[in-house]
Amino acid sequence: MMMEAVVNGHRARFVVDTGAGYSILDAGRAHSLGVSPVGADSPYGEFANLNGVRYRVGYLNSLRAGAMNFGSGPMALFQPADAEDALNARMNGENADGIIGADILTHYKAVINCYTKTIFFKTSSSEHLHVARFAESQNFIRVPLREEVSRAFTIPASLNGHLCRLLVDTGAFITTFDLKSAKEFGLSFTGTKMNGSFADGISRQVAIGKVGNLKIGDYQVPPQKLAASALPDFALDQGQAKIVGILGMELLAVSHGIIDFESMSLFLK
């Protein structure tokens with residue numbers, strides 16, 4: 001899900017990524033966008049520590065998207081030339097200048113319509129969108145969204161009758177279960193020649209299997225073929241929650257998913 005934006009008067013494209021705790025900007029493109037690293041005396045700090053990795057901090061004089069004005073502020077810069085960069089993989093194959101992550105999405109109480117690929121941001125003068133009221137009138141099912149200590153967002157689910165949680169990740173192209181957990185729940189998957197790139201930069205083999213008993217909250221997912229792989233530890237390690245998979249954009253879109261950060265809800269239909 002791409003968002004057209006304007007950085008310091010220059011056009012830019014950002015991936016809208018609920019799976020990223022923080023927004024970032026490609027350091028290689030920062031100069032052409034008029035963004036420079038801050039100095040050691042910056043009140044924002046010269047470096048940002050994201051997922052155990054230090055990134056230089058740049059300062060954006062202005063960031064706009066459509067009619068939305070985010071104003072000025074800092075943003076972490078990352079080097080895509082670094083093959084081990086955990087965040088680089090999230091933009092693999094995308095002509096993007098950066099990522100809009102959870103820090104901006106939660107601050108502005110964003111509403112993301114995954115079906116229409118539309119995003120709304122709340123300002124001090126915004127009227128209340130009444131998303132929950134609208135969703136209820138359209139027979140959507142509300143699923144509570146929970147922010148974990150890692151800034152990831154998870155939802156309750158049931159897989160073959162086993163209670164679990166899924167990571168809500170608009171930066172993931174497809175829904176993917178952890179292969180080990182899925183097999184423990186009685187699902188079978190067949191290996192393919194496809195590989196998937198994950199946010200730790202490691203490519204892993206993808207398997208495909210029929211999933212016939214998946215519920216997301218009270219929403220029954222129609223039986224279909226879904227993917228499984230050996231998911232990275234950072235995706236599964238969310239404190240006490242047992243994470244068994246990543247809910248990606250393809251299932252969010254086909255289920256008319258609406259993510260509402262004001263009511264902390266995911267609506268599905």
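Begin by selecting strand S15 (residues 176-178) and strand S20 (residues 224-229) in this predicted model: the two strands run parallel and are joined by three bridges. Within this pairing, display Phe177, which stands opposite Ala228 in S20.

Keep S20 in view and add strand S17 (residues 203-211). S17 and S20 pair in the antiparallel sense, over five bridges. Here Lys210 may be selected together with its bridge partner in S20, Lys225.

Proceed next to the aromatic rings. The whole structure holds six aromatic pairs. One of them is formed by Phe70 and Tyr108, an edge-to-face arrangement with 5.2 Å centre to centre and 80° between the planes. Because Phe70 belongs to strand S7 and Tyr108 to the loop between H2 and strand S9 (111-113), the pair ties together parts that are 38 residues apart in sequence. Both Phe70 and Tyr108 are buried. Adding Phe121 to the selection shows one aromatic cluster formed by Phe70, Tyr108 and Phe121.

S7 also leads to the second largest pocket, to whose lining it gives the most, with seven residues. To centre the view there, select Gly73, Pro74, Met75, Asp103 and Ile104, which lie nearest the pocket's centre among its 19 lining residues. Strand S5 (47-50), strand S6 (53-65), strand S7 (68-78) and helix H2 (102-107) each give two or more residues to this lining. The pocket has a volume of about 400 Å³, and its lining comprises 13 nonpolar, five polar and one charged residues.

Finally, select two arginine residues with their rings. The charged end of Arg54 sits over the ring of Phe47, 4.0 Å from its centre. That of Arg151 sits over the ring of Tyr22, 5.2 Å from its centre.

How values were computed:
Residues numbered from 1 in each chain as written. Predicted model: local features only at pLDDT ≥ 70, side-chain atom pairs only at ≥ 80, totals over all residues. Heavy atoms only, no water. 1 Å grid on protein atoms, 1.4 Å probe; cavity = no way out; pocket = protein on both sides within 12 Å on 5 of 7 lines; lining within 4 Å. Points joined across faces, edges and corners; volume = space filled by probe spheres on them. Helix = DSSP H or I, 4+ residues; strand = E, 2+ residues; numbered from the N terminus. Nonpolar A, V, L, I, M, F, W, Y, C, P; charged D, E, K, R; others polar. Pairing = 2+ DSSP bridges. Phe/Tyr/Trp six-rings, centres within 6.5 Å; stacked < 30°, edge-to-face > 60°. Buried < 20%, exposed > 50% of the residue type's maximum accessible area, 1.4 Å probe, protein only. Lys NZ or Arg CZ within 6 Å of the ring centre and 35° of its normal.
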